[in-house]
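User: Could you take a close look at one part of this model for me, the central strand and the core it sits in? I'd like a connected walk-through rather than a list.

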Amino acid sequence: MLLSKKNFLCYILAFLLFDGLLHCHARHYYRFIVKEAPYTRLCSTKNILTVNGEFPGPTIRLYAGETITVNVYNKAKDNITIHWHGVKMPRYPWTDGPEYITQCPIQPGSKFTQKLILTTEEGTLWWHAHSEWSRATVYGAIIAYPKPGTSYPYPKPHAEVPIILGEWWKQDITAVYEGFLATGGDPNISDAFTINGQPGDLYPCSKPDTIRLYVDHGKTYLLRMVNAALNDILFFGISGHQITVVGADGSYTKPLTRDFVVIGSGNTLDVLFHANQKPGKYYMAARAYSTAPLVPFDNTTTTAIVQYNGNYSSSSSPSLPYLPNYNDTNASFNFSASVRSLASEEYPISVPLHVTTQIISTVSVNTFPCGFNETCLGTNGTRFSASMNNISFLLPSIDILQAYYGHLKGVFGGSFPKFPPFIFNFTAQYLPMILEIPKVGTEVYFLDYNSTVEFVLQGTNLVSGIDHPMHLHGYSFYVVGLGLGNFDPKKDPLQYNLIDPPFLNTVTVPKNGWAAIRFQANNPGVWFMHCHLERHLTWGMEMVFIVKDGHRPEDRLLPPPPDMPPC
């Protein structure tokens, strides 16, 4: 069964007795113990980092607008931080989680009490480690239910099921990370993708533990999807069935029915699946969408089985769903461009129409020349890097939030460029190698409180063009435009969707294309923006917004908690 019997019954009861949801789901306190535990996958056993010994980790359930507390105990041998992905944390970045951005890491043997503060988020969010590559196994779902007395803007499903997509390496993930840093090249690719921690039928030694979802004919199920994969955007589908997207990144969408979905690393989707086919067994499956021709990637397929209840004859082997080719940019782009906010009377949106701050930033893979006595397995004997506006971000030794709040000098600079420092044909097939070399720095961009921001993210073909799922902490934003090729500041804004753009926290910038987002800077604090492909984050594709305080007390950054981890 996909869920433990106790949790499965709790899910069913919650949907039969929605007003009694609290009794099954919501708690105001969670205890996260970070520790190693042995897990066996792909014929071998290794110790992995977990929360409470679970993989994936525990699901957090709460109502929209609630605040809960999570006590995080680090009983592992390495530092750790935990990020609440998609939770806006109004005025309280102190427990947002990215190491050396809003906190120093929780050291072994220490603990940190973290608040999760929700506002309007409803739907599926998630949490994960945010230190080095520990999020490979340290992750879980967050489910924000509608407030008591309200319901979903779609027919009530029979049951809900978490579908968390991940990656698995046979090798210890710390060794993968350290080897990646040492060589200056691409990291070792994963050995499997997973659905709820299991690779599925198509991998060795995995068939007996393949996840199964038992369904009743004629009933509808809500799949709460998370892409927790470290380095991959994924296609997902269910053979013989269409699926309907009704939410993304904790915000409701207009129903979008498709044979498959595309889910960027870091994104979440709420998907309705109607069990309306001939009773039998059907595969749900996921595999990579990867567009850079020279970048190695895991080309395997993870599966779970949808199995109808009842007595029937069934073929011994389910069929796989249709999924696009690995490099089908049009399929990915068309899906992403079709997602729309619900934008109803009950769920209104507020797209900023008057922009006071416009920023345009390139997002690029880069290279550094090989230094003395270095190993350099990047292109043409270089070391790979990455940048935003030609600055490869360097993490400081103490966190930026502490430095900003305490007026400490020398930790970061305030000179992140408003526009690309070099203007060229960003998506040309051949570009001069001199453009590949970025600067290195710890630069932030200051935003005035309540300013309305348009941020255009421009992909480039430096080294190799590829899609970039870009995540902003502390905010959701309206994706008002997506396009292929170079952004045209005169023509492209004329085609913006200002009526019902999706309200996301992670947007995939298409290969050699662009994305335009808008948000109102009404959440003071220090907020990280970065590519959610872990190798690009490690290489430096990130920047930081500092949103200044407003004039009223309720528009100012709250003070830190008393147990902030020391640096």
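Analyst: Here is a walk from the buried strand out into the core, the hairpin and the aromatic pairs.

Some ground rules before the details. This is a predicted model, where local features need pLDDT of at least 70, side-chain atom pairs count only at pLDDT 80 or more, and totals for chains, interfaces and linings use all residues. Residues are numbered from 1 along each chain as its sequence is written, and side-chain values use heavy atoms, with hydrogens and water left out.

On confidence, pLDDT is the predictor's confidence in each residue, from 0 to 100. The protein chain averages 94, and 95% of the residues score at least 70. The stretch to watch is residues 3-24, where pLDDT stays under 50. The model has 33 contacts beyond four places in sequence for that stretch, a contact being heavy atoms within 4.5 Å. Where pLDDT is low, the predicted coordinates should not be read in detail.

Now to the strand, β13 (residues 233-238). Strands here are DSSP runs of E with at least two residues, helices are runs of H or I with at least four, and both are numbered from the N terminus. Six of the six residues of β13 are buried, so the strand is largely enclosed by the rest of the structure. Buried means under 20% relative accessible area, exposed means over 50%, and partly exposed is in between, using a 1.4 Å probe and protein chains only. Both faces are covered: Ile-233, Phe-235 and Gly-237 are buried on one side, and Leu-234, Phe-236 and Ile-238 on the other.

Who are its neighbours in the sheet? Two strands pair if DSSP finds at least two bridges between them. β13 runs antiparallel to β18 (residues 281-289), with six bridges, and antiparallel to β16 (residues 260-263), with four. Phe-235 has Arg-287 of β18 as its bridge partner, while Phe-236 stands opposite Val-261 in β16. Arg-287 turns up again in a ring contact: its charged end sits over the ring of Tyr-326, 4.8 Å from the centre. For that label, NZ of Lys or CZ of Arg must be within 6 Å of the ring centre and within 35 degrees of the ring normal.

Phe-236 takes us into the core. A nonpolar core is a set of buried Ala, Val, Leu, Ile, Met, Phe, Trp, Tyr and Cys residues joined through side-chain atoms within 4.5 Å. The largest one has 138 residues, and Ile-60, Trp-84 and Phe-236 have the most contacts inside it. A second, separate core of eleven residues includes Tyr-63, Ile-143, Leu-222 and Leu-342.

Trp-84 is a handy hub to click on. Leaving out residues up to four places away in sequence, Trp-84 touches a set including Phe-32, Ile-60, Met-89, Lys-115, Trp-126 and Trp-127. Two of those names come back. The charged end of Lys-115 sits over the ring of Tyr-92, 5.3 Å from its centre. Met-89, in the loop between β5 (82-85) and β6 (111-117), has a positive phi near 55° without being a glycine. Met-89 is also buried, at 0% relative accessible area.

Leu-42 shares that kind of backbone quirk, with a positive phi of about 55°. Leu-42 sits in the turn of the hairpin formed by β1 and β2, with two residues between the strands. Eight bridges join those two antiparallel strands, and Tyr-39 has Lys-46 in β2 as its bridge partner. Despite its turn position, Leu-42 is buried at 4%. Further along, Phe-55 and Pro-56 are joined by a cis peptide bond, omega about -10°, and Pro-56 is in the loop between β2 (44-51) and β3 (60-63). Most residues other than glycine have a negative phi, and most peptide bonds are trans.

Finally, the rings. Rings of Phe, Tyr and Trp (its six-membered ring) pair if their centres lie within 6.5 Å; planes under 30 degrees apart count as stacked, over 60 as edge-to-face and the rest as tilted. By this rule there are 30 aromatic pairs. In one of them, the centres of Phe-393 and Phe-528 are 6.4 Å apart and the planes at 55°, so the pair is tilted. The pair links distant parts of the chain, with Phe-393 in β22 (residues 391-393) and Phe-528 in β31 (residues 525-531), 135 residues apart. Phe-393 is buried at 7%, and Phe-528 at 3%. Elsewhere, ring pairs link Tyr-445, Phe-455, Tyr-475, Phe-519, Trp-527 and Phe-545 into a cluster.
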